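Me: I'd like to learn how to read a model of a complex, feature by feature. Could we go through one together?

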Amino acid sequence: MKKLFALSVLAVAAAAAPAVAAPIDGSTISVAVDASLAKACAFDSGNSTSSLTLGNDARDANGTVAYSCNYIGTPVVTITSANGALAPSPASAAWGAVPVAYQIVYGDRATQNSGSTGLLASEFVDGLSSTTDQLGWTSTTEPNETVSPTLSLYLTRPITIAGDYSDTLTFTIAP
Amino acid sequence: MLGASRALWHFAAVPAVLCAPQAQAASAQLVLAGNVPAHCTISGAAGTLSLGEASRGATGDVGNVAVTCNLVDVGPSITLSSANRGLKIDGGEQLIPYGLQWNLPGTTAFDAVTSTDGTVTAQLDAFAPGTAQSAHVIVNVSAAAASGKMAGTYRDVIVISISP
């Protein structure tokens, strides 16, 4: 089961199997009933950062992207960068603005980025999963409790051309 | 009684014909008495019902379960007992409550099985003796009931019993 941050939750409902008939005739009937719940995680938008602002005066920006799972374990979080950088708006680009690189760190052990531990946003264009990164981003220690890993961004160099720059990070979590 | 008295009279006056008076009786009465105890039976499909993945809710049909009684003016008493007071996770204590519907007259008490309602009893409405009252037993887990529960397999055993 894979879920997207800020998107509706998906789940799978398997068709119920028919009862196994075992006719009896007397004063009691006994039926064994079972059901299952698959492992699942969901982002907690109410406890997550929806936007961060980077600038020359504050090249670090920190927030949280929170989630909870119904099991104890290590969900896989994938982050995808839409632009692979802070991309200038068309108007700013017309004035000569160019994409600006920045770094991303996310996870339970993430702290202030400051350029020492992050990966460039360009590495996230096709999506980068926690399983493929040495940082070991996420884990849950209690089922159905919200975990709030830190998301830390860092502007790798000052922006020299005035304008509007933006990127969109999409988070998915599985299962 | 007249015949019986006459036989005794003959027995006293003519002892030589000791066996004759019984054979000559004009009538006799034989009183037969018996008791048919109140009794009901419950029958139908029992076994295992797998509801499958329940995170979005799940419903299953146990099958048709019938009740037959020899009662005249009162319905039988039905008791539903949940072994775990809900669907209980393997290896843990977490419970998922569920609903159980068996739409015989008087079974509205079986709407839900929760941690506080491990056993519920209902008195069915009276129905004609010798006839079967039947309905499918439906078990339902709502999405709300499954929300916030741990991943895993949940189980329960339902025993439906009838009295008398």
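Me: Let's begin with one residue. Leaving aside neighbours within four places in sequence, which residues is Val141(B) in contact with?

Reply: Happy to help, and please keep in mind that this is a predicted model. Within chain B, the contacts of Val141(B) are Leu51(B), Ala54(B), Gly57(B), Ala58(B), Leu87(B), Ile96(B), Tyr98(B) and Ala146(B). From chain A, Ala35(A) is in contact with Val141(B) too.

Me: Which residues have the most contacts inside the largest nonpolar core?

Reply: Val141(B) is one of them, along with Leu51(B), Ala54(B), Leu87(B) and Ile96(B). Chain A supplies Ala35(A) and Tyr102(A) to that list. The core itself has 64 residues.

Me: Ala35(A) has come up twice now. What is its bridge partner in strand 10 of chain B?

Reply: The partner is Tyr154(B). The two strands involved are strand 3 of chain A and strand 10 of chain B (residues 152–163), paired in the antiparallel sense over 10 bridges.

Me: And how many residues does each chain bring to the contact?

Reply: A general point to start with: the size of an interface is often given as the accessible area lost when the parts come together. Here we can go by residues: 33 come from chain A and 43 from chain B. On the chain A side, strand 2 (24–26) and strand 3 (28–37) are the elements that give two or more residues. Strand 3 of chain A has the largest share, with 10 residues. By type, the chain A side divides into 23 nonpolar, seven polar and three charged residues.

Me: Tyr102(A) was in the core list as well. Which residue stands opposite Tyr102(A) in strand 12 of chain A?

Reply: That is Leu155(A). Strand 9 (residues 102–107) and strand 12 (residues 150–155) of chain A run antiparallel and are joined by six bridges. Both belong to an open sheet of four strands in chain A, with the order 5-12-9-10 and antiparallel pairing. At the edges are strand 5 (60–64) and strand 10 (119–120) of chain A, each pairing on one side only.

Me: Where in chain B is confidence lowest, and where is it highest?

Reply: The general idea is that where pLDDT is low, the predicted coordinates should not be read in detail. In chain B, helix 1 (residues 2–13) is lowest, at a mean of 37, and strand 5 (residues 87–89) is highest, at 95. The pLDDT is below 50 over residues 1–20 of chain B, a stretch that has 11 contacts in the model beyond near neighbours in sequence. Chain B averages 81, and 80% of the residues score at least 70. For the complex, the predictor gives an ipTM of 0.75 and a pTM of 0.71.

Methods
Residues numbered from 1 in each chain as written. Chains lettered and ligands numbered in written order. Predicted model: local features only at pLDDT ≥ 70, side-chain atom pairs only at ≥ 80, totals over all residues. Pairing = 2+ DSSP bridges. Contact = placed C-beta atoms within 7 Å. Nonpolar A, V, L, I, M, F, W, Y, C, P; charged D, E, K, R; others polar. Core = buried A, V, L, I, M, F, W, Y, C linked by C-beta atoms within 7 Å. Buried ≥ 20, exposed ≤ 12 C-beta atoms within 10 Å, placed from the backbone. pLDDT = per-residue confidence, 0-100.
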